[in-house]
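Okay, thanks for having me, everyone. I'll put the structure up and then walk you through a few places in it.

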Amino acid sequence: MSHDTLSRTGTPAPSETGGSTATATLAPATATASGAAAAGTAHAGPGGHAKSRGKDGAKTDATADAKAAAKAKPRDAFFDNAKYLAIVLVAMGHSWEPLRDGSRSAAALYITVYAFHMPAFIIISGYFSRSFDMRKDRLQRLITGVAVPYILFEVAYTVFKRWADDDPGYPISLMDPWYLTWFLAALFIWRLTTPLWKIVRWPVPLALAIAVLASLSPEIGDDLDLQRVLQFLPFFVIGLSLRPEHFKLVRRKKARILAVPVFATALVFAYWAAPRMNAAWFYHRDAAQELAAPWWSGAVMTLAMFGCSLVLVACFFAWIPGRTMWCTALGAGTLYGYLLHGFLAKGSRFWNWYDTPWMHTPWGAVLLTLAAGTVITVLCTPPVQRAFRFAMEPKMTWAFTKDAVGMARSRH
C-alpha cells in the first residue's frame, strides 16, 4: 500500500467483531464463543435460567458455558502467522516504493507483493466476518474497533502531515481517507454489508461484477475511497464464503511445492512488466480512464488481476506455518503495526531520507528491507498494543445503552 490515497492491515489488517486488520486480529475463538452461547441457550428455561444437569445440581448457565468455551478454544496459529507475515510485506513494500525508479528488481518485488498482500488481508477479514450480524454487541465492536480508530488516525495523520510536510493548511476530511486509513473505511462498509452477501445466490460473481463496473466508472469519485471499497470487495466476499477445509486444501504438501514455481514465474513476469506497466493498477483506487487507459481495459485488468491475486494468495497461504512460533502472538497486533508504521513511512518521504545515496545501492536496499521488517515487528508487540489500545480498541461503554437482556442473564 502506498501513496497518500493508498491503504489501511491488513493489517492488516483483518475478525467478526471488528477489532483489527483487518482487521482480523481477534481470536477465532470469538466466533466459537458466539456459537457456544447460542448452543447454551438451548438448555435455558422460560425464566432464563439454565436447567440443572447431573445429580449434584451443578449450575450450567448458558453464559458460563459460552465463557468456558471461549477460554478453552485457542487462537488459530495459522491465521496469526499469516497476518504477521502479510503486515511485514506491507512495510517492506512501502520501503521499496521510492527505490522502484532506480531498481528494476525493487520494482519487480514491489509489483509481486502488491498483487497479493492486501487481497490476503481482506480475505482473512472476510473470513472472520462470517458471523457478523446486526446484533448490538457486534455493532458496538464495529464502531469501537473500526470507526473510532478511523476517525482518530485520520485526524492524527492529517496533523502529522501539517507538521512534517510543512503544510499547515492541509484539511481534515473524514470523507477523504489519507494514506493508510482507507482500509478501515472499507472494512466498516464491507462488514455492514455482510448480511446481504449471506442471502444472495452467487455472492462472489456479483461482487466481481460490481468491481468491474467500478473500474469503468470514474464518476464514482474519491469519497471514502469508494473505488478501493468496490474493487477490493470480491476478496472480502470470498473470505465470507470460505470454510476451514478450504484453507486446509491449499496447505497440503503438493500445494506448497507448486507454490514455488508459481511465485518464481510471478517474479519473472513482474521483472518484465515493471517498466511497461502502471503500478497504480495494483492500488485499485482509480477507474481505467483515470489511468489514461481505454475504458474497456478496466474490465480486462480487473478480471486478470483478480485471478492472479487469488493464485498468489493461495501460494502465500500454502507456505504459512500452522504451528505456534515466536511471531504468532504478533498476529494479534497487526492493526497496530499497520497504522503506526504509516508515520515512519510517510515521514521518510517528508524528511527526504531516500535522498541518501547508499539507500539506492543493493546493500542499502537489503538493509532498508530488514529495517522495515524489524520496525513493523516491534510495532506489533504486546507493549505497543497496551500503549495504544485506547485508540485501537477503546471500550467506550459510556457511549452505548445498556443491554437489558444481557444484564438480566448475568444476574442469574
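**Starting with a cysteine**

Let's begin at Cys-327, which is buried, with a relative accessible area of 4%. Buried here means under 20% relative accessible area, exposed means over 50%, and partly exposed is in between, using a 1.4 Å probe and protein chains only. Cys-380 counts as buried too, at 0% relative accessibility. And how many disulfides does a search of the whole structure find? Zero, where a disulfide is a pair of cysteine sulfur atoms within 2.5 Å.

Before I go on, the ground rules. This is a predicted model, so local features need pLDDT of at least 70 and side-chain atom pairs count only at pLDDT 80 or more, while totals for chains, interfaces and linings use all residues. Residues are numbered from 1 along each chain as its sequence is written, and side-chain values use heavy atoms, with hydrogens and water left out.

**The overall picture**

So what are we looking at? The protein has 18 helices and zero strands; those are DSSP runs, H or I of at least four residues for helices and E of at least two for strands, numbered from the N terminus. Of the 412 residues, 50% are buried. The exposed area comes to about 19,000 Å², and carbon and sulfur atoms supply 67% of that; that's the Shrake-Rupley method with a 1.4 Å probe, and for residues only the protein chains shown count as cover.

On confidence, the average pLDDT is 84, and 80% of the residues score at least 70. pLDDT is the predictor's confidence in each residue, from 0 to 100. Among the elements, helix H1 (residues 29-40) has the lowest mean, 36, and helix H11 (residues 233-241) has the highest, 98. Over residues 1-66 the pLDDT stays under 50, though the model has 218 contacts beyond four places in sequence for that stretch. By contact I mean heavy atoms within 4.5 Å.

**H11 and the core**

Let's go to H11, then. Eight of its nine residues are buried, so this helix is largely enclosed by the rest of the structure. The buried ones run Leu-233, Pro-234, Phe-235, Phe-236, Val-237, Ile-238, Gly-239 and Leu-240. What do they pack against? H5, helix H7 (182-192), helix H8 (194-199), helix H9 (203-215), H10 and H14.

Zoom in on Phe-236, which sits at 0% relative accessibility and counts as buried. Leaving aside neighbours within four places in sequence, Phe-236 has contacts that include Ile-122, Ser-125, Leu-187 and Trp-190. Phe-236 and Trp-190 are 46 residues apart in sequence, and their C-alphas are 7.3 Å apart in space.

Trp-190 brings us to the largest nonpolar core, which has 105 residues; Trp-190, Phe-316 and Phe-317 have the most contacts inside it. A nonpolar core is a set of buried Ala, Val, Leu, Ile, Met, Phe, Trp, Tyr and Cys residues joined through side-chain atoms within 4.5 Å. Helix H3 gives the largest share of this core, twelve residues. Setting aside its neighbours within four places in sequence, Trp-190 touches residues including Trp-182, Phe-183, Arg-228 and Phe-232.

**H3 and H4**

In H3 we find Ile-87, which is buried at 0% relative accessible area. Ile-87 and Thr-377 are 290 residues apart in sequence, yet 8.7 Å apart in space, C-alpha to C-alpha.

Over in helix H4 (residues 104-114), eight of the eleven residues are buried, so H4 is largely enclosed by the rest of the structure as well. Its buried residues pack against helix H3 (77-96), helix H5 (117-127), helix H13 (253-273) and helix H14 (296-318).

**Two buried polar side chains**

Last stop. Gln-231 is in helix H10 (residues 226-231) and counts as buried at 5% relative accessibility. Its side chain has a 2.7 Å polar contact with the side chain of Gln-227, and the Gln-231 side chain also reaches the backbone oxygen of Asp-286 at 3.1 Å. A polar contact is a pair of N or O atoms within 3.5 Å; within protein, one must be able to donate a hydrogen and the other to accept it, and residues adjacent in sequence count only if both atoms are side-chain atoms.

The other one is Lys-161, in helix H6 (residues 136-164). Lys-161 is buried, at 6% relative accessible area, and its side chain makes a 2.8 Å polar contact with the side chain of Asp-165.
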